[in-house]
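Me: I would like a close look at one part of this predicted model, a single helix and the elements around it. Please explain in a connected way how that part is placed in the chain.

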Amino acid sequence: MTSPQLATNLAKFAEMEGRHPRLLLATASSEEERYHKQVATLFADGGFDVDVAPQHSDAQSIARQVIDCDADMLVLVRTSLTSTDRVHVADLISALDALDAEYVKFGIVGHADDPAGSNVDFVCDLEHLQTGDCEALIDYILSVEESRVAQHI
């Protein structure tokens, strides 16, 4: 369920950009695949357009898909800090930089204490992920968009 504040912010984003905020959801390893639907549904119910990266994608193909789908955010589901990740945070950052996609906000859905958290724009704790987290994310994206729009005025 979308809160009144989130609905207002989504409408503001849509007015500035002509569409809802869009995110690409990817997973770090095969263990996270089971969370795809839960996380995608939460963000879609929160008012985001959600694209999902194909299973077993590597960092370069995920970064390319971010560009192809015109995503505002990349969300990496990374719940197991002990598994061998197929996709590493550093590799995704490098792949996004190589495509001049520094404007894309990159975050992790997993554990608040993820050691890679200091390298990304946001971390959402999977156990506590809720509509409130979507509100915080859209507030963050709006502040970035407003400053970007102000530069062009």
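**Helix α3 and its surroundings**

Reply: In this predicted model, helix α3 spans residues 59–68, and its buried residues include Ala59, Ile62, Ala63 and Val66. These four residues cover an arc of only 100 degrees around the axis, which puts them on the same side of α3. The general rule behind such a pattern is that an α-helix has 3.6 residues a turn, so residues three or four places apart point the same way.

What do the buried residues of α3 pack against? Their partners are β1 (22–27), β3 (73–78) and α4 (89–98). As a whole, α3 lies across β1, β2 and β3, and it runs at about 165 degrees to β1. After α3 comes aspartate 70, which has a positive phi, near 55 degrees.

The strand β3 deserves attention next. Six of the six residues of β3 are buried, so this strand is largely enclosed by the rest of the structure. Buried here means a relative accessible area under 20%. Both faces of β3 are covered. Met73, Val75 and Val77 are buried on one side, while Leu74, Leu76 and Arg78 are buried on the other. In general, the side chains of a regular strand alternate between the two faces of the sheet.

The pairing of β3 can be described on each of two partners. With β1 it is joined by five bridges, and the two strands run parallel; threonine 27 stands opposite valine 77 of β3. With β4 (residues 105–110), β3 is joined by six bridges, again in a parallel arrangement. Here leucine 74 stands opposite phenylalanine 106 in β4.

Strand β1 also pairs with β2, in the parallel sense and over four bridges. Within this pair, leucine 25 has valine 52 in β2 as its bridge partner.

These pairings belong to an open sheet of five strands, in the order β2-β1-β3-β4-β5, with parallel pairing. The edges are held by β2 (49–52) and β5 (122–125), each with a single partner strand, so one side of each is left without a neighbour in the sheet. On average, neighbouring strands of this sheet are turned by 25 degrees against each other, direction ignored. As a general point, the strands of a sheet pair through backbone hydrogen bonds, either parallel or antiparallel.

The helix α4, one of the elements against which the buried residues of α3 pack, lies across β3 and β4 and runs at about 165 degrees to β3. Aspartate 91 has its place in α4. Is this residue buried or partly exposed? Aspartate 91 is partly exposed, because its relative accessible area is 37%, and the partly exposed range lies between 20% and 50%. Its C-alpha atom is separated by 8.0 Å from that of glutamine 60, although the two residues are 31 residues apart along the chain.

Finally, this part may be set within the chain as a whole. The chain has five helices and five strands, and along the sequence they follow the pattern α-β-α-β-α-β-α-β-β-α. Of the 153 residues in the chain, 48% are buried. Among contacts with a separation of 6 or more, 73% are between residues 24 or more positions apart. The chain exposes about 7,600 Å², and carbon and sulfur atoms supply 50% of that area.

Definitions and conventions:
Residues are numbered from 1 along each chain as its sequence is written. This is a predicted model: local features need pLDDT of at least 70, side-chain atom pairs count only at pLDDT 80 or more; totals for chains, interfaces and linings use all residues. Side-chain values use heavy atoms; hydrogens and water are left out. Buried means under 20% relative accessible area, exposed over 50%, partly exposed in between (1.4 Å probe, protein chains only). The arc is that of the directions from the helix axis to the C-beta atoms. Contact means heavy atoms within 4.5 Å. Two strands pair if DSSP finds at least two bridges between them. Axes are lines fitted to C-alpha atoms, for helices over the stretch in contact, and angles run from 0 to 180 degrees between N-to-C directions. Accessible areas come from the Shrake-Rupley method with a 1.4 Å probe; for residues, only the protein chains shown count as cover.
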